[in-house]
Amino acid sequence: MRNHTITALWEEIPDDADDLVLVSGGFRIYVCLCGKQLPDRTAAELHAMETGQCSTCLGTKVEDIVPGFAQDCTACAGTGRRGTQLRWQLAHAEAETVITVELVRAVIAPLSGPFRLSEVADTVRESLGLPVGRLPVGPRVRDVLRGLEAMGELIMVSAPDKLLRGTGVVLYRDPSWEHVSAG
Ligand SMILES: [Zn+2]
Ligand SMILES: [Zn+2]
């Protein structure tokens with residue numbers, strides 16, 4: 001079997017680079033050990049898929065967010081495998097159906113002070129009787145809480161854990177929110 005190790009090499013990044021383009025695969029040169037031409041991110045993702053590798057981390061198991069900072073790939077649970085990525089995508093879709101906005105609202109309703117993402121996720125997991133690792137509970141709960149924040153029901157009260165590129169790309173490990181008081 002040929003070796004399809006795909007590597008992304010950072011290009012020079014201009015100061016005014018678009019942060020979204022930067023974190024989603026831009027400003028990189030993609031090469032595969034097999035020698036196939038990979039002119040852009042899309043080509044690299046396609047080649048990863050056709051060789052059974054995760055299309056997010058391209059089989060590397062880690063996601064490079066900005067130069068000098070990478071984290072375990074969340075799309076394939078750090079395996080680098082396309083099969084796991086597909087299973088995990090289904091699990092994400094299932095989590096969306098099972099963990100409704102109403103459920104999360106009910107869990108946080110009695111909380112008067114700030115609450116952490118991990119606390120809410122744990123309570124949701126317990127209330128549904130889900131074993132750890134069965135569904136992406138944390139990511140789903142985080143999306144719901146961010147949605148409630150966008151609707152003005154909640155306010156995020158924690159500062160980012162890391163500024164990766166000024167305030168344009170930041171990282172929160174376990175953020176806290178609190179209810180926007182009606183009074
Ligand atoms: Zn290849
Ligand atoms: Zn991956």
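**Note on two zinc sites and a nonpolar core**

1. The site of the zinc ion (ligand 2) is tetrahedral, with angles of 105 to 115° among its 4 donor atoms. This is a predicted model, and the points below should be read with that in mind. The ion is coordinated through the SG atoms of Cys54, Cys57, Cys73 and Cys76, at 2.2 to 2.3 Å. As background, the ideal angle for four tetrahedral donors at a metal is 109.5 degrees.

2. Along the sequence, the donor residues of the zinc ion (ligand 2) follow the spacing C-x2-C-x15-C-x2-C. Distant parts of the chain are linked here by a pair 19 residues apart, with cysteine 57 in the loop between H2 and strand S3 (62–66) and cysteine 76 in the loop between strand S4 (69–72) and helix H3 (82–98). Cysteine 57 and cysteine 76 are both buried.

3. The zinc ion (ligand 1) has a mixed set of protein donors, namely His4 (ND1), Cys32 (SG), Cys34 (SG) and His47 (NE2), which lie 2.0 to 2.3 Å from the ion. Why is the arrangement around the zinc ion (ligand 1) called tetrahedral? Because the 4 donor atoms subtend angles of 104 to 123°, and four donors count as tetrahedral if all angles lie between 85 and 135 degrees.

4. The donor residues of the zinc ion (ligand 1) are spaced H-x27-C-x1-C-x12-H in sequence. Histidine 4 belongs to the segment before strand S1 (6–10) and histidine 47 to helix H2 (residues 41–50), so this pair ties together parts that are 43 residues apart in sequence. Histidine 47 has a relative accessible area of 3% and is therefore buried, since buried means under 20%.

5. Turning to helix H4 (residues 101–108), its residues Val104, Val107 and Ile108 are buried. They lie on the same side of H4, because they cover an arc of only 90° around the axis. The face turned away from this buried side carries Glu102 and Ala106, which are exposed. The buried residues of H4 pack against several elements, including helix H5 (117–128), helix H6 (137–150) and strand S9 (176–179).

6. The largest nonpolar core has 22 residues, of which Val120, Val137, Val141 and Leu145 touch the most other members. The elements giving two or more residues to this core are H3, H4, H5, H6 and S6, and the largest share, 5 residues, comes from H6. Leaving aside residues up to four places away in sequence, valine 137 touches Ile99, Ala121, Val124, Arg125 and Leu130. More generally, nonpolar side chains tend to be buried together in soluble globular proteins.

Conventions: Residues numbered from 1 in each chain as written. Chains lettered and ligands numbered in written order. Predicted model: local features only at pLDDT ≥ 70, side-chain atom pairs only at ≥ 80, totals over all residues. Heavy atoms only, no water. Donors = N, O, S within 2.8 Å, 3.2 Å for Na, K, Ca; no water. Tetrahedral: all angles 85-135°; square planar, octahedral: opposite > 155°, others 65-115°. Helix = DSSP H or I, 4+ residues; strand = E, 2+ residues; numbered from the N terminus. Buried < 20%, exposed > 50% of the residue type's maximum accessible area, 1.4 Å probe, protein only. Arc of directions from axis to C-beta. Contact = heavy atoms within 4.5 Å. Core = buried A, V, L, I, M, F, W, Y, C linked by side-chain atoms within 4.5 Å.
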